[in-house]
Amino acid sequence: MAHRWTNKLTHADVTPKAAFLNRRQVMAGLAGVGLAGLARPADAQEGLEPNSWEEITTYNNYYEFGTRKDDPAKYAHTLVTEPWSVKIDGLVDRPGDYAFQDIMSEMTVEERIYRFRCVEAWSMVIPWDGFELADLLNMAGVQEGGKYVAFETAYRPDQMPGVAFPVLEWPYREGLRLDEAMHPLTIMATGIYGETIPNQNGAPLRLVVPWKYGFKSIKSIVRITVTDTQPPTSWNMAGPREYGFYSNVNPNVDHPRWSQGSERRIGGGLFAKREPTLMFNGYEEEVAGLYEGMDLAKNY
Ligand code: MTE
């Protein structure tokens, strides 16, 4: 990898888009986070090496299009993402149906290179383009009594072959505590590697909460509701003992059926060693304060 920063070209340098974008966006991503005045995750300072476009867009979980990792890349093209609107309702000053284009004209999109850790114990590093969820919530104006934010994915049986199967209760639903939703690391992603986010990754906009297991990062959002009570979430309803509301990445709290102490980095090759999973997925410095005094084994 280091050779990309020298003038000694090797065959690897000829991987045109990925190599060029990786370098440009590693730098842009770090600058962006620095400008936002955030402490940078320790490993971001060391320089995270993003996964390739190919890996990020062909190894997916999006059960509305099937449960195999390659199903979303094969079938999600049927999802119509234009026009798109997001209903924002509940405890907000300006409820309504917000057209995607109107949202985008108000938001500042920046690049964020985040670790991504699935509850199934695989991981990637993804260079997202997106805006802070806090900016969208502030646009709608969160009211005094708001304590949680609920999210819903589109439910379109004619465009989503997977919803014919009762794998989960549809529509896919997720939720955050309001302070988690307002945290500057929490983004709505609209792109990857500077390209429009592909359908299989949750076009046209999906949540990314980098210190939580990947299933919290709900795709293709059509509704955001500010509530005063903890909202029901799809995976928690499917398996309350296995998938909690918080689902913070935590190597010390195992899934009942497997260890969460280590992870398999996608693209690492067949013989790659598993990597140790980091507390809060490496974002402990930024987010541990949100959970002060809480028993993280109970609030899994
Ligand atoms: N959102 C919806 N609507 N449906 C899903 O099946 N899968 C989740 C999450 N968001 C899922 C979803 C899970 S389990 C993971 S790990 C991530 O999306 C995967 O995101 P990626 O395919 O972009 O890597």
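Glu-180 has a relative accessibility of 0% and therefore counts as buried, the cut-off for that class being under 20% relative accessible area. The model in which this residue is described is a predicted one. Glu-180 belongs to helix H7, which spans residues 178-181. Leaving aside residues up to four places away in sequence, the residues that Glu-180 touches are Thr-186, Trp-211, Lys-212, Tyr-246, Asn-248, Leu-290 and Tyr-291.

One of these contacts, Lys-212, deserves separate attention. Side chains of opposite charge can pair when their charged atoms come close. The side chains of Glu-180 and Lys-212 form a salt bridge, with an N to O distance of 2.8 Å. Because Glu-180 lies in helix H7 and Lys-212 in the loop between strand E9 (206-208) and strand E10 (221-227), the pair ties together parts that are 32 residues apart in sequence. Lys-212 has a relative accessibility of 2% and so counts as buried, as does Glu-180 at 0%.

The count of salt bridges comes to 15. Another of them joins the side chains of Glu-263 and Arg-117, at 3.0 Å from N to O. Here the partners come from distant parts of the chain: Glu-263 is in strand E11 (residues 262-265) and Arg-117 in strand E3 (residues 110-117), with their positions 146 residues apart in the numbering. Both Glu-263 and Arg-117 are buried.

The pair of Lys-298 and Asp-295 offers a further case, a salt bridge whose closest N and O atoms are 3.7 Å apart. Lys-298 counts as exposed because its relative accessibility is 65%, which is over the 50% cut-off. Asp-295, with a relative accessible area of 37%, is partly exposed. Salt bridges also link Arg-68, Asp-70 and Lys-74 in a network.

The ligand is the next topic. Around it there are 16 residues, of which Asn-60, Tyr-63, Glu-64, Thr-153 and Lys-219 come nearest. Polar atoms of several of these side chains face atoms of the ligand at short range, as the distances show: an N or O atom in the side chain of Asn-60 is 2.8 Å from a ligand oxygen, and a polar side-chain atom of Lys-219 is 2.7 Å from a ligand oxygen. For Thr-153, the ligand atom concerned is a nitrogen, 2.9 Å from an N or O atom of the side chain. On its own the ligand has 530 Å² of accessible area, and the protein covers 98% of it.

At the level of the whole chain, there are 9 helices and 12 strands. The protein chain has 300 residues, and 52% of them count as buried. Its exposed area is about 13800 Å², with carbon and sulfur atoms supplying 54%. Among contacts between residues at least 6 apart in sequence, 71% join residues at least 24 apart.

Confidence in the prediction remains to be considered. The average pLDDT of the protein chain is 89, and 85% of the residues score at least 70. Over residues 1-45, however, the pLDDT is below 50, although this stretch has 52 contacts in the model beyond near neighbours in sequence.

Key: Residues are numbered from 1 along each chain as its sequence is written. This is a predicted model: local features need pLDDT of at least 70, side-chain atom pairs count only at pLDDT 80 or more; totals for chains, interfaces and linings use all residues. Side-chain values use heavy atoms; hydrogens and water are left out. Helices (H or I, at least four residues) and strands (E, at least two) are DSSP runs, numbered from the N terminus. Buried means under 20% relative accessible area, exposed over 50%, partly exposed in between (1.4 Å probe, protein chains only). Contact means heavy atoms within 4.5 Å. pLDDT is the predictor's confidence in each residue, from 0 to 100. A residue is near a molecule or strand if one of its heavy atoms lies within 4 Å of it. A polar contact is a pair of N or O atoms within 3.5 Å; within protein, one must be able to donate a hydrogen and the other to accept it, and residues adjacent in sequence count only if both atoms are side-chain atoms. Accessible areas come from the Shrake-Rupley method with a 1.4 Å probe; for residues, only the protein chains shown count as cover. A salt bridge is a side-chain nitrogen of Lys or Arg within 4 Å of a carboxyl oxygen of Asp or Glu.
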